[in-house]
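Hi everyone, thanks for coming. Let's have a look at this one together.

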Amino acid sequence: MKVLKFGAVWCSGCLVMKPRWQEIGKEHPWLKTEYYDYDKDKEMVNKYNIDKNLPTFVFLDKDGEEFLRLHGEPSKDKLVKIVLENKDK
Amino acid sequence: MFKKLAKIFLVLLVLFFIAKPAFAQKKQVNPVRESELSNGVNVYFFWGEGCPHCVHEKPFLEELKNKYPEVKVYDFEVWNSADNRKLLIEVGKKLNTNVSAVPFTVIGEKYVSGWLNEQTTGDAIENAVECVLKDGCRDVVGEVLVSQQPQPQKEEPCECEEEQKLAIPVKISLPLIGEINTKNLSLPLLTVILGGLDGFNPCAMWTLLFLISLLLGMKDKKRRWILGTAFIVASALVYFLFMAAWLNLLLFVGFIVWVRILIGLVALGGGGYNLKEFFTNKDSGCKVTGDEKRQAVFEKLKNITHQKQFLIALGGIIVLAFAVNLVELICSAGLPVIFTQVLTLSDLPQWQYYLYMLLYIFFFMLDDLFIFFTAMLTLEMTGISTKYSRISHLVGGILMVIMGLLLIFKPELLMFG
C-alpha cells in the first residue's frame, strides 16, 4: 500500500501533520508515502480530485486503487492503526 | 459574494447618513424654555433609555427634590433625541469636558459624570447643590438653552473647588485606583476572548506562512527578521486603523439606537455563520479556495522578497501587508465591529479605548506572533493545529449570537466601566 499526502506551504494543518508522518515513517520504514504540493503538482491534484480540505491523505492499495481518503489532522494512533490494518493490501 | 456584501454595507451606510436627520426629527424633545427655568437650583440630568446607571440615579434625584425644595430637575433623554444629544455636546464644550457617556448631571458650573451610588456620586451631586445654594453659580445649561438671550452672569467665580474635584465619580471607580468590581474586569476579559477568537484561524495565516517559507530560504538573518517583523506590524496596523476609524465614526454619530441595532444584527448574522460552519464543516484542515488570488499574492511575495534593494523590499512588504489584510478585514469585520460598538457603550476615557483596541489586536495576532518567532528562532516552520477551529466556530458563534441579542434588546448589560 501507499499513502499520497497532499498539502501546501500555506496550510497550517499540513505543517502539523509533517512531523507526525515522519515519526510513522521511522517506526514503519516499509511504508511508502509520496508528498504533493497543492499549488505545484497540479497534475496529481487534478487526478485525485483534491478540492476540499488540506491536508488530504489518499490511501492506495498495491493495484493503485484508492481505498481510503482522510482530511485534516488525524491522530498518529489512528494513522498507525490504518497503516497496520492495511499493510498487505 | 463579499463584493455584494460590501456593496450592501455601503448602501446601508449612505442610507444611514441620509436617514439620520429624518430619524432625529421624529423625536425632538425640548422640554425647557427660558421662562420655565427656575430661579432656584437647576439640576440637568442627561440620560439614555435603557441605561442602568441612569435608572439608579433617577430615584436619588427625586429624593433630592424632596430634601431641597429649591431644586428643580430637568431631564434630557439623549439616545433617542438628536436635539438633546446636541445640547449635551454643547454643554460639554462649555464645561470643557469630553462627554462620552450618560448619566451626566450638571448643577450650575459643576458636573457629575456617571453614577456609582448615593455615597459617592450622589454625595457629589448633593455637595454641588449645596455649593450653588450657598454661593450661587452660573447656570451653564440654562445659558446654553437660552443662548440667544444670555442670562446675566454672576461675576464671582464659583467656590467649593474641593467638592468639584470630588464630583468626578468615574475616577473613583477606575480599575487599579478604586475598588475593583466585576464590571471593571469584564471588559478586559471580553477583549481578550474576542481578540483571541477573532485571531484564531490557522487557515487565515496563509500569507504569513508563505512569507516565512520564503524568509527561511534567505541567508541574511537581519533581512529575514526585518521583513517578517514589518509584515506583522503592518498587518496589526491595518487592523488598528480600521478599528480606530470605526470607533471614531461611532463616537461621532453618537448614541443612535438603530446603529446599535444594525450592529446587533451583524453580530447575529456572524454568529449564525459560525454556527453553520461548526455544524456543516466537520473535517478539520483548511478549505481550498481562492486559487487565483493566492497565486497572485505568492508571485508578488516572491518578487518582493527577492528584491536586491532592501528598502524596495521593505516598502513592498508593507504595501502587500496592507492590501492583503484590508481584503481579509472586509471579509471578517464582524467581531472588530461588534467589539468597537461595545467599547463605545462603555464610559471610558479616550486613551482607554485605544488601549483596549491594542489589547484586542495583541491577542488577535498572538498565533501569528507564535508562528513567526518559532520559525525565526528554530529555522523550521511550525503550524497551528486546525482541529480547534471547530470549537472556535462554536464558541465564537454562541458569543456573537448572545452579543447580538444583548445589543438589540439589553445593551445596558454590555456597558462596562
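So, how many residue pairs are in polar contact between chain B and chain A? Just one, with both residues at pLDDT 80 or more; a polar contact here is a pair of N or O atoms within 3.5 Å, where within protein one must be able to donate a hydrogen and the other to accept it, and residues adjacent in sequence count only if both atoms are side-chain atoms.

Some housekeeping: this is a predicted model, where local features need pLDDT of at least 70 and side-chain atom pairs count only at pLDDT 80 or more, while totals for chains, interfaces and linings use all residues. Residues are numbered from 1 along each chain as its sequence is written, chains are lettered from A and ligands numbered from 1 in the order written, and side-chain values use heavy atoms, leaving out hydrogens and water.

Back to the interface. Salt bridges between chain B and chain A come to zero, counting a side-chain nitrogen of Lys or Arg within 4 Å of a carboxyl oxygen of Asp or Glu. In contact, meaning heavy atoms within 4.5 Å, are 24 residues from chain B and 18 residues from chain A.

There's strand pairing too: strand 3 of chain A, residues 53-54, runs antiparallel to strand 5 of chain B over two bridges. Strands are DSSP runs of E, at least two residues, numbered from the N terminus, and a pair needs at least two bridges found by DSSP. A:Leu54 has B:Cys286 as its bridge partner.

Last stop, B:Thr191. B:Thr191 counts as buried because its relative accessibility is 0%, and buried means under 20% relative accessible area (1.4 Å probe, protein chains only).

Methods. Buried < 20%, exposed > 50% of the residue type's maximum accessible area, 1.4 Å probe, protein only. Helix = DSSP H or I, 4+ residues; strand = E, 2+ residues; numbered from the N terminus.
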